[in-house]
Amino acid sequence: MNLSLQLHLQCTPLHILVKSTTATATATSTRSWSCYASLSIPQPSNVNVLNGSSPLSSERKEIRLGLPSKGRMSNDTLELLKNCQLSVKQVNPRQYVAEIPQLSNLEVWFQRPKDIVRKLLSGDLDLGIVGLDTLSEYGQGNEDLIIVHEALEYGDCRLSLAIPQYGIFENINSLEELSKMPQWTEDKPLRVATGFNYLGPKFMRENGLTHVTFSTADGALEAAPAMGIADAILDLVSSGTTLRENNLKEIEGGTVLESQAVLVASRKSMIQRTGVLETTHEILERLEAHLRAIGQFTVTANMRGSSAEEVAERVLSQPSLSGLQGPTISPVFCKRDGKVTADYYAIVICVPKKALYKSIQQLRAIGGSGVLISPLTYIFDEETPRWRQLLSKLGL
Ligand SMILES: Nc1ncnc2c1ncn2[C@@H]1O[C@H](COP(=O)(O)OP(=O)(O)OP(=O)(O)O)[C@@H](O)[C@H]1O
Ligand SMILES: O=P(O)(O)OC[C@H]1O[C@H](OP(=O)(O)OP(=O)(O)O)[C@H](O)[C@@H]1O
Ligand SMILES: [Mg+2]
């Protein structure tokens, strides 16, 4: 964990970030290290250890967005922002700060997902994109963290309890059966390996499992039962391949949470810091417009008819053809015997991708021809429901 050491020198505290909880750890930057090395260490009473919070943070004028610096979320996050016309411009990949030219006064900071949550809490970031699992684990239900968009549609996984398929667990298939196994006693509790040291114990408590101990690990948790280090693991599962390959199985009632990437903001920042709420609104609008659009196609077709209303009646008689707000119908004019007439009408509707084939069948059934399908880039509504929800959460 990054801790901030304050060395009080007369009136001006010097801030040094160290990479562990001890004051003897190496400082992270050369500049900090040289300051540290040239100072005599003050008396212990003058050393305050702050949980990541920087007292200078209230003085900054820039808005800060934290994005995952590495790992599987990193590329997908940049891709999503690019698709919302919010390209992140990073001068070089080893730099942790970048900008989004479309959003003035905004700094992008690349951080590990858990540090994004910590820095939102300490006021060093205003906005962030992380997985719900990380937000829940490190945010611990803190009311300052507000989820602005809960479904960015990537990073899908679930936090699940898994046990071996073999041995004493062979016939255990639910949390209830696991909790009733006579093996777990005060002296010999169920040993669970996990990186989720807040959510894990909370879940067990809420489900009435009392004889449980947790051991912590950062990766390759799936090896722990076979190594005899743990009886069960609590880890993220996506395809389930890693569990299967290690002869482990999920159990009924053992899912702690379903996760995907979310946009989160600090309540304090949105209320107190100039421009944060407006920037949050713009990012939210762009995200919603894009995410709504990727689930839909635009369908255009021609249809013979006596009037726009008559064609509309036929279209609206089909359940999959109502579009977002009913069909747009326009006359297709041609000149016959020197007279301009409209025998055909062009209809334009938005159709959910999943319902595309059904829609085409229904269009044909009512006489549609020349059907064109195009991808949609953005759907901007008059006002997004999430924006209204955000304002109400903020009491605005
Ligand atoms: N198998 C997975 N499939 C889909 N999404 C996942 C999967 N594993 C993790 N995630 C999501 O991606 C986020 C980041 O995971 P990632 O493994 O890249 O980083 P990390 O586990 O925090 O860091 P590290 O693995 O380096 O300790 C997780 O918090 C979760 O939301
Ligand atoms: O269900 P699956 O699709 O097999 O994915 C699950 C695996 O993915 C994550 O690990 P990751 O690849 O992030 O490695 P890590 O343990 O180093 O974090 C998670 O910790 C599981 O081990
Ligand atoms: Mg991982």
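**In which pocket does ligand 1 sit?** In this predicted model, ligand 1 sits in the second largest pocket, and the legends below begin with that site before moving along the chain.

**Figure 1. The surroundings of ligand 1 in the predicted model.** The residues that surround ligand 1 are Lys70, Gly71, Arg72, Met73, Gly131, Asp133, Thr134, Gly155, Asp156, Cys157, Leu236 and Ser238. Two helices, H2 (72–83) and H4, each supply at least two residues of this shell. Several polar approaches can be picked out: a backbone N or O atom of Arg72 lies 2.9 Å from an oxygen atom of ligand 1, while a polar side-chain atom of Asp133 lies 2.6 Å from an oxygen atom of ligand 1. On the part of Ser238, a polar side-chain atom lies 3.3 Å from a nitrogen atom of ligand 1. On its own, ligand 1 has 610 Å² of accessible area, and the protein covers 70% of that.

**Figure 2. The surroundings of ligand 2 and its polar neighbours.** The space taken by ligand 2 is the second largest pocket, which is also the description that applies to the place of ligand 1. Around ligand 2 are Arg72, Gly219, Ala220, Glu222, Asp235, Leu236, Val237, Ser238, Ser239, Gly240, Thr241 and Thr242. Arg72, Leu236 and Ser238 appear in this list and also in the list of residues that surround ligand 1. Strand E12 (232–237) and helix H7 (241–245) each supply at least two residues of the shell, and the largest share, three residues, comes from E12. Oxygen atoms of ligand 2 are approached by polar side-chain atoms of Arg72 at 2.5 Å, of Glu222 at 2.7 Å and of Thr242 at 2.4 Å. Taken alone, ligand 2 exposes 500 Å², of which the protein buries 63%.

**Figure 3. Helix H4 and the residue that follows it, Gln140.** Helix H4 spans residues 132–139, and it is largely enclosed by the rest of the structure, because six of its eight residues are buried. The buried residues of H4 are Asp133, Thr134, Leu135, Ser136, Glu137 and Gly139. Among them, Asp133 and Thr134 also belong to the residues that surround ligand 1. Just after H4 comes Gln140, which lies in the loop between H4 and strand E8 (145–149). Although Gln140 is not a glycine, its phi is positive, at about 50°. Is Gln140 buried or partly exposed? With a relative accessible area of 45%, Gln140 is partly exposed, whereas Gly139 in the helix is buried.

**Figure 4. Asn247, a residue with positive phi in the loop after H7.** Asn247 is found in the loop between H7 and strand E13 (248–259), and H7 is one of the elements that supply residues to the shell around ligand 2. Asn247 has a positive phi of about 55° although it is not a glycine. Its relative accessible area is 40%, so Asn247 counts as partly exposed. How far apart in space are Asn247 and Val332, C-alpha to C-alpha? The two residues are 63 Å apart in space, and in sequence they are 85 residues apart.

**Figure 5. Ser122 in helix H3 and its contact with Asp124.** Ser122 has its place in helix H3, which covers residues 113–122. The relative accessibility of Ser122 is 12%, and Ser122 therefore counts as buried, since the cut-off for buried is under 20%. The side chains of Ser122 and Asp124 are joined by a polar contact of 2.7 Å.

**Figure 6. Two spans annotated in the UniProt record.** For residues 112–288, an unreviewed UniProt entry lists "domain: ATP phosphoribosyltransferase catalytic". In the model this span is 31% helix and 29% strand, and its end C-alpha atoms lie 25 Å apart. The UniProt annotation "domain: Histidine biosynthesis HisG C-terminal", likewise from an unreviewed entry, covers residues 295–377. Over residues 295–377 the chain is 23% helix and 48% strand, with the end C-alpha atoms 10 Å apart.

Terms used. Residues are numbered from 1 along each chain as its sequence is written. Chains are lettered from A and ligands numbered from 1 in the order in which they are written. This is a predicted model: local features need pLDDT of at least 70, side-chain atom pairs count only at pLDDT 80 or more; totals for chains, interfaces and linings use all residues. Side-chain values use heavy atoms; hydrogens and water are left out. Helices (H or I, at least four residues) and strands (E, at least two) are DSSP runs, numbered from the N terminus. Buried means under 20% relative accessible area, exposed over 50%, partly exposed in between (1.4 Å probe, protein chains only). A polar contact is a pair of N or O atoms within 3.5 Å; within protein, one must be able to donate a hydrogen and the other to accept it, and residues adjacent in sequence count only if both atoms are side-chain atoms. UniProt positions are given in the numbering used here, feature names are shortened, and annotations may be inferred rather than shown by experiment. A residue is near a molecule or strand if one of its heavy atoms lies within 4 Å of it. Accessible areas come from the Shrake-Rupley method with a 1.4 Å probe; for residues, only the protein chains shown count as cover. On a 1 Å grid over the protein atoms alone, a cavity is a set of points where a 1.4 Å probe fits but cannot get out, and a pocket is an open set with protein on both sides within 12 Å along at least five of seven lines; lining residues have an atom within 4 Å of a point. A molecule sits in a cavity or pocket if more than half of its atoms lie within 2 Å of its grid points.
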